[in-house]
Structure formats: C-alpha cells, structure tokens
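Work through the exercises below with the sequence and the model side by side. Try each task before you read its solution.

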Amino acid sequence: MEYIVTSKEMRECDMTAIKDCGIPAMVLMERAALSVFSEIEAFLSETIRIAIFAGCGNNGGDGLALARLLAEKGIHADIFLIGNTEKLSMECGSQLSILKQLGITVNSKSAKAEYDMVVDCLFGTGLTREITGIYEEAVRAINCYGEKGSRVIAVDIPSGVCADSGKILGCAVKAELTVALQYGKAGHYLYPGKMLCGHTVVHNIGIPESFKSGKEPSFFSYREEDIHGILPERAAFGNKGTFGRILLVAGSRDMAGAALLCGKTILRSGAGMLKIITAAENRDLILRELPEAMIYTYEGKPEEEKVRQSIAWADVIVAGCGISTDENAELLMEMILEQGEKRAVIDADGLNLIAREGSLQEKLLKYQKGRVILTPHPGEFIRLAGISMNTYKENPAFYLKKLAKEYGCVIAGKDAVTLVASPDERMVYLNRTGNDGMATAGSGDVLAGVIGALSASLEYFQAACCGVFLHGLAGDMAAEKQGKRGMLASDISAELKELLKEETAEREKRI
Ligand SMILES: NC(=O)C1=CN([C@@H]2O[C@H](COP(=O)(O)OP(=O)(O)OC[C@H]3O[C@@H](n4cnc5c(N)ncnc54)[C@H](OP(=O)(O)O)[C@@H]3O)[C@@H](O)[C@H]2O)[C@@H](O)CC1
Ligand SMILES: [K+]
C-alpha cells in the first residue's frame, strides 16, 4: 500500500520531521536534490547543456541545491531564479548564498540558449493560485524547450499543477519525468495533472513515517505486490459453497450481454456458484454460453417467491447491469434492498432506479451499514447525489465520501481514475491501473462481476478497492495484446482469469 497525500498533509509531514524529529529543513532539501540528481545522472556528461528554472520557495531551493551538486561534478547549469528575491524562503535564501560563496552565477532572466535538459523547480506543493506574469513566461519558456526536444524534469510536481486536485492553475509545465518527494501527491495521479507529470517516480527523502490510524492521509493506492497479501487464500479442502454463492440480477430484453459478461467474470474471478435472474429472452443465450450458471428467467412479472428464495440462497448479490428501469427491474431492486443485510454490489440501471425512486433510497438508507457497494460512473453518481457534473468534478473524492457516509455504502466512483470511498472515515482509495481502452461497452459489467466475486471472501471496502485494481490491471494487459482501440470488455474479463492464474502460481511458489 502506498500513501498519497495533499499539500497540507505533506507540509505537516515536513513539520513533524523538522520540529519533532529535529531533522533540519536543509537536510531534507539536500536529500531532495540528491534524489533528482540520481534520476538524471544517467543523462549527464560534461557537454550536456542544462537550465534550472527556480522559484523563490523551497521548490526553488531544491533546484539551487541541485545546481551545486552538478557543479561539484564539473557540470555547469544555467540557473534562472524567477521572482522577487526579497521574498525568498529561508532555505532557498541559504542555498542562494552558498552558490554565491562558491562563485556560481545565478541569473534573474532566462536567456535564449539551447538546452538538452531543463529542470523545473518554480513551484512545488506551495502553489496557491493561478500562475501569471513572469512565472507564466517561465512556464511557457520551459514548455517551448520541451517542444524543441529538451528533456523536461519536474522537481516534486510540474509547476502549475495543483498538488491536491491535479488541476492546472493558469498554465503548467509539461514534464517528461517528475521526481516526487517522499510521497506521491493526489495531483500526480488525477487528470489533467497526470498527463503533465510524464513518468512519476517517488523518492524517499528521509521524512519519518508519521501517519497513524485516525490521522491517515487522504488517499492510498495499491501496487501489484500488495495484491498477493490481500487476495484470499483458496482453501484446498473447500467446496463450491465455500467460494461464494453469487446471485446475479442482470440483463433484460435486448440486454443479454451485460448478464453474460458479468456472470462469466464472477465465475472467472473465483466464485463457487452463480445463479442468474434475468428476462426470459436471455435464457437460451445464457444456457448456451454459460452453462455453469443456474438460471431463473421471468416472463412478464418475476415470481416474488422465487426471487426471495434466490436472495436467501446467496452470499452476495450483484444487481443492476442491463436490467433496464422498467417495472420488473424496479420490483427486483425493491426485493433486493428490502431484506437489508445481504452483501450487494449495485451497478448501472440498479443505480438509476435508486436515483429515480424515493422508496428505493429509503430502503438503501436502512440497509446494514457497509454491506452495499455502489459502482457509479460520473453520470450515475450525479443522479444519485443530485448534483451537477461540474460540482462533482470540482472534488470527486469529497462528494464520494459524502454520499458513502449518507447511505452507509462503499462507493467506487468509476472514471479515468477510479476512487473508492467508504462510509467510515477511512482513506479514499485512488486507483492507478487501467487505461482509456477500458472506456468501452461492458467494461463496467466486468468490474461489477469481479467486485461481486471478491465480496464473497474479502472485507467490503477491500473487495471494492482490490476489484478496481485488478480490473484496471487486466485492462492494461488487454490493451497490450489487443490495442486500446480494439479491445473489448470480454478481453478484460479474459485477462482477469490470466491475472488470477498468475497470482495463484506466485502464491504457490512462495509456499
Ligand atoms: N521543508 C520543506 O518544506 C521541504 C520542501 N521541499 C520542497 O519545497 C516545496 C514546497 O516549498 P514551499 O512550501 O516553499 O512552496 P513552493 O512550491 O516552493 O512555492 C511557494 C512560493 O511560491 C509563492 N506562490 C505560490 N503560488 C504562486 C503563484 N501562483 N504565483 C506566484 N507566487 C506563488 C509563495 O508565495 P506567496 O503565496 O506567499 O506569495 C511562496 O513564496 C516542495 O514541493 C519541495 O519541492 C523539499 O526541499 C523538502 C523539504
Ligand atoms: K516543480
């Protein structure tokens, strides 16, 4: 697990290191400069032409320290210190006076020269407003060098990218490589910031871990190696009942694919048994394509007793993919939410029905806390939350957390970067796997399926986060094989099987 912080949380960590642990700020700055140096070392030679654009805060201080490290190796860098030098931060001022003592020239204006590498240390986590004036000129100059082929390296975060939201404040540097200090910041991974960071590497600069339960940062993310420890062991003596009985309520007339894709994924993700409730028109297709599933099909109104029995049989209910919003679908959703305690994953039309029907909202409010996972895309989310798209996009994590708390549900807010919020005060999961090829029909059905299967054996929030992570990773594998343009949701489902196969093999190797 990796923590992802906001600028405020980063400042608090800096302060803990400096005030409580007594690590001088200049030591942290030296570590920051050494980190950047180690990342660019491979490209350095005596003939390389380097420009460093430094601001007046500590991000600028990192750049001035880097200039000294380069000078030590006999490498000259043109240094441009942009801004009012009367307002230098203390550490930046100290770095400047060291350079002066060493006879290293610092310029106040950029020159029209050519550079192989440009280092951006105008602003880091201290950016508080839109970039204008001389700073804007400097950002544009850096981007101009980048367009002409210079390697652009951002220190901590590209100047102009808001570390909390990934938004561009006025204008921003487009980097090839970003050396993030101590922790990744939300702005590195949220769009559009993510596109401007290029490749992001996180370097430890010696700030001691100070997060405790109850005082955790805003976000966390999984790495591939984390998943081995999270996925449940399969009991060698288990039977099909042990691995989860999943009831899938999906698919309506003309919407057979959703039930099929989701159902296949549920079984491919390790569930023991699957029962599908769907419209009669889908019966033949499902029996032919997924003979492993049990099925109850309804013609006209679903038989309530049969539905009730199926709900009672299930460990987990996955509902909503392609069920439509007609009265049959509404009745099914009423019955699912009515019992109020089974673990449930609700997607697509299931969410649209909740957004439309007050009676369903009431039932969801009364449902046992933490037992339902909602998986809305932004359109479904704003209907559920009753807010505009612009409002949601202003701060998705905030609104996901708010609604999760209100309904007592886990919410996986699907988007280019999916966020998962829990109803308690836990950190928001920020997913870093996946690609734009996954914006394809049926991709959401596959996600609901994998989360449903994992919910049979994992704690709820973990099932949602882990499902989102694996779905993205499988999407990356599908994109590699099929290409982002041509990949299908069924390719993601197929790769999930491969991924889980590899995971099982890895685990067995370690035993
Ligand atoms: N001990 C530590 O903390 C360590 C920090 N480290 C490094 O420091 C970075 C954080 O440093 P920082 O807090 O000094 O902020 P930074 O990003 O350099 O800029 C702040 C300055 O910019 C100004 N300003 C803001 N917005 C502006 C705008 N739009 N247009 C114009 N001015 C604007 C603001 O001035 P003001 O708002 O007061 O006008 C202030 O003067 C961090 O990312 C990492 O690289 C590492 O060395 C490790 C140890
Ligand atoms: K920067």
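Helices (H or I, at least four residues) and strands (E, at least two) are DSSP runs, numbered from the N terminus. This is a predicted model, in which local features need pLDDT of at least 70 and side-chain atom pairs count only at pLDDT 80 or more, while totals for chains, interfaces and linings use all residues. Residues are numbered from 1 along each chain as its sequence is written, and chains are lettered from A and ligands numbered from 1 in the order in which they are written.

**Exercise 1. Describe the protein as a whole.**

Step 1: count the elements. The protein has 20 helices and 18 strands.

Step 2: take the extent. Along its principal axes the C-alpha trace spans about 85 × 45 × 45 Å.

Step 3: assess burial. A residue is buried if 20 or more other C-beta atoms lie within 10 Å of its own, exposed if 12 or fewer, and partly exposed in between; C-beta atoms are placed from the backbone. Of the 511 residues, 50% are buried.

**Exercise 2. Trace the sheet of 12 strands.**

Step 1: apply the pairing rule. Two strands pair if DSSP finds at least two bridges between them.

Step 2: read the order. The open sheet runs S7-S1-S9-S18-S17-S16-S15-S14-S13-S10-S11-S12, with mixed pairing. Its edge strands are S7 (184-185) and S12 (294-298), each paired on one side only.

Step 3: inspect one pair. S1 (residues 2-5) and S9 (residues 219-221) run antiparallel and are joined by three bridges. Tyr3 stands opposite Phe220 in S9.

Step 4: add the helix. Contact here means C-beta atoms, placed from the backbone, within 7 Å. Axes are lines fitted to C-alpha atoms, for helices over the stretch in contact, and angles run from 0 to 180 degrees between N-to-C directions. H19 (residues 460-482) lies across S14, S15, S16, S17 and S18, at about 15° to S16.

**Exercise 3. Locate the annotated binding site and place two of its residues.**

Step 1: consult the record. An unreviewed UniProt entry places the feature "binding site" at Lys414, Asp415, Ala416, Val417, Thr418 and Gly444. These residues span 31 residues in sequence, yet no two of their C-alpha atoms are more than 13.8 Å apart, so they gather at one spot. UniProt positions are given in the numbering used here, feature names are shortened, and annotations may be inferred rather than shown by experiment.

Step 2: take Asp415. It is in the loop between S16 (410-413) and S17 (419-421). Asp415 counts as partly exposed because it has 19 C-beta neighbours inside 10 Å. Leaving out residues up to four places away in sequence, Asp415 touches His377 and Pro378.

Step 3: take Ala416. The loop between S16 and S17 holds Ala416 too. With 15 other C-beta atoms within 10 Å, Ala416 is partly exposed. Its contacts, again leaving out residues up to four places away in sequence, are Tyr191 and Asp436.

**Exercise 4. Relate the sheet of six strands to the shell of ligand 1.**

Step 1: order the strands. This open sheet reads S3-S2-S4-S5-S6-S8, with parallel pairing. The twist averages 20° from one strand to the next.

Step 2: inspect one pair. S4 (residues 117-121) and S5 (residues 151-155) pair in the parallel sense over four bridges. Val118 stands opposite Val152 in S5.

Step 3: connect the helix. H3 lies across S2, S3, S4 and S5, at about 155° to S2. H3 also gives the most to the shell around ligand 1, with five residues.

Methods. Two residues are in contact if their C-beta atoms, placed from the backbone, lie within 7 Å.
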